[in-house]
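I opened a fresh page for this one and kept my notes short. Here is what I looked up, in the order I got curious about it.

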Amino acid sequence: MRLDKLLSITGTATRSEAKRAIRRGAVRIGQAVATRADTDVDPERDTVLYEGRPVVYRRYTYILLNKPEGVVSATDDPRERTVLDLLPEELRRLSLFPCGRLDKNTLGLVLLTDNGALAHSLLSPKHHVSKEYYFRCQAPMTEREAAMFRQGLTLEDGYVTKPADIRLLGDGTEGYITLVEGKYHQIKRMLQALDNKIVYLERIRFANLSLGEHAPERGEWRFLTEEEVSSLEALADTQDI
């Protein structure tokens, strides 16, 4: 693998930043100062230091994206802008895909990865991985309707949802919903079953990942930390992949 590519896919530096650091002698491979961006390195064997800090390489890539409205959760679409279009070119070459989907007009947290086994495990119904959403709806919800959410609702096609946690705010036109399943347009359909309508929906948490204090801006992204990746692997029971 090229040295500048390694620095890029590990989130250490962009390609241009890597080249500038190499020119000023701030990158080492083992004990030797790197002199070329296209130097071939073995990320599994070589010790690479960037400005004195070890470069940590993982076999897979994990990205937390803060999805804006109007972008589809897909790897390719001939008509629409996709979540992958929000990434730099070098990351779009890595066969990343969204772990689960958000509707085109739903905002918030999307996990992108190239680890198919982990994604499959996280999305498996047997793991009941929770997803939390902030919502606003057209008409105020009552506590009786919230209790129906917690018991499970029957949708228009007869499907009975698993119990979903809901916490209403203010006058009942907004709040938080936590699901442990991910049926097509599920929250919108659950509100429709109550003769109501979602007017704003944002995913703020997926498993142990959240849009907290250090969340990227809307339309931006960041690499997962080592701690976040380890927690996901433990949750999915895929430590051996």
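**Notebook: strands, cysteines and two residues**

**Entry 1, a strand pair.** I began with strand β3, residues 48-50, and found that two bridges join β3 to β4, the two running antiparallel. I then asked which residue of β4 is the bridge partner of Y50. The partner turned out to be R53. A reminder to myself before going on: this is a predicted model.

**Entry 2, the sheet around that pair.** Next I wanted the order of the strands. I read an open sheet of four strands, β2-β1-β3-β4, with antiparallel pairing. The edges belong to β2 (32-33) and β4 (53-54); each has a single partner strand, so one side of each is left without a neighbour in the sheet.

**Entry 3, the whole chain.** I stepped back for the overall numbers. The protein chain holds seven helices and 13 strands. Its C-alpha trace spans about 70 × 35 × 35 Å along the principal axes. Of its 241 residues, 46% count as buried. I also looked at contacts with a separation of 6 or more, and residues 24 or more positions apart account for 66% of them. The accessible surface comes to about 12,700 Å², and carbon and sulfur atoms own 45% of that. For the charges, I took the mean position of the 35 positive ones and that of the 37 negative ones, and the two lie 3 Å apart.

**Entry 4, cysteines.** How many disulfides does a search of the whole structure find? I got zero. I checked two cysteines for accessibility while I was there. C99 is buried, with a relative accessible area of 0%, and C137 is buried too, at 5%.

**Entry 5, a hairpin.** I moved on to strand β9, residues 165-169, and sorted its residues by face. I166 and L168 make up the covered face, while D165, R167 and L169 make up the uncovered one. Strand β10 (residues 174-179) pairs with β9 in the antiparallel sense over five bridges. One residue of the uncovered face, L169, has E174 of β10 as its bridge partner. The two strands form a hairpin with four residues between them. In the turn I noted G170, which has a positive phi of about 55°.

**Entry 6, T161.** Staying with β9, I followed the chain back to the loop between α5 (143-151) and β9, where T161 is found. Is T161 buried or exposed? I have it as buried, because its relative accessible area is 4%, and the cut-off for buried is under 20%. Leaving out residues up to four places away in sequence, T161 touches G152, L153, L155, E181, Q186 and M190.

**Entry 7, L235.** My last stop was helix α7 (residues 226-236), where L235 lies. L235 is partly exposed, with a relative accessible area of 38%. Which residues does L235 touch, not counting those up to four places away in sequence? I listed L122, H127, V129 and A207. I picked H127 for a distance check: L235 and H127 are 108 residues apart along the chain, and their C-alpha atoms are separated by 8.1 Å.

**Margin note.** If I reopen this page, I will start from the two single-residue entries: T161 buried in its loop, and L235 partly exposed in α7.

How values were computed:
Residues are numbered from 1 along each chain as its sequence is written. This is a predicted model: local features need pLDDT of at least 70, side-chain atom pairs count only at pLDDT 80 or more; totals for chains, interfaces and linings use all residues. Side-chain values use heavy atoms; hydrogens and water are left out. Two strands pair if DSSP finds at least two bridges between them. A disulfide is a pair of cysteine sulfur atoms within 2.5 Å. Buried means under 20% relative accessible area, exposed over 50%, partly exposed in between (1.4 Å probe, protein chains only). Contact means heavy atoms within 4.5 Å. Accessible areas come from the Shrake-Rupley method with a 1.4 Å probe; for residues, only the protein chains shown count as cover. Lys and Arg count as positive and Asp and Glu as negative; His and the chain ends are not counted. The place of a charge is taken as NZ of Lys, CZ of Arg, CG of Asp or CD of Glu.
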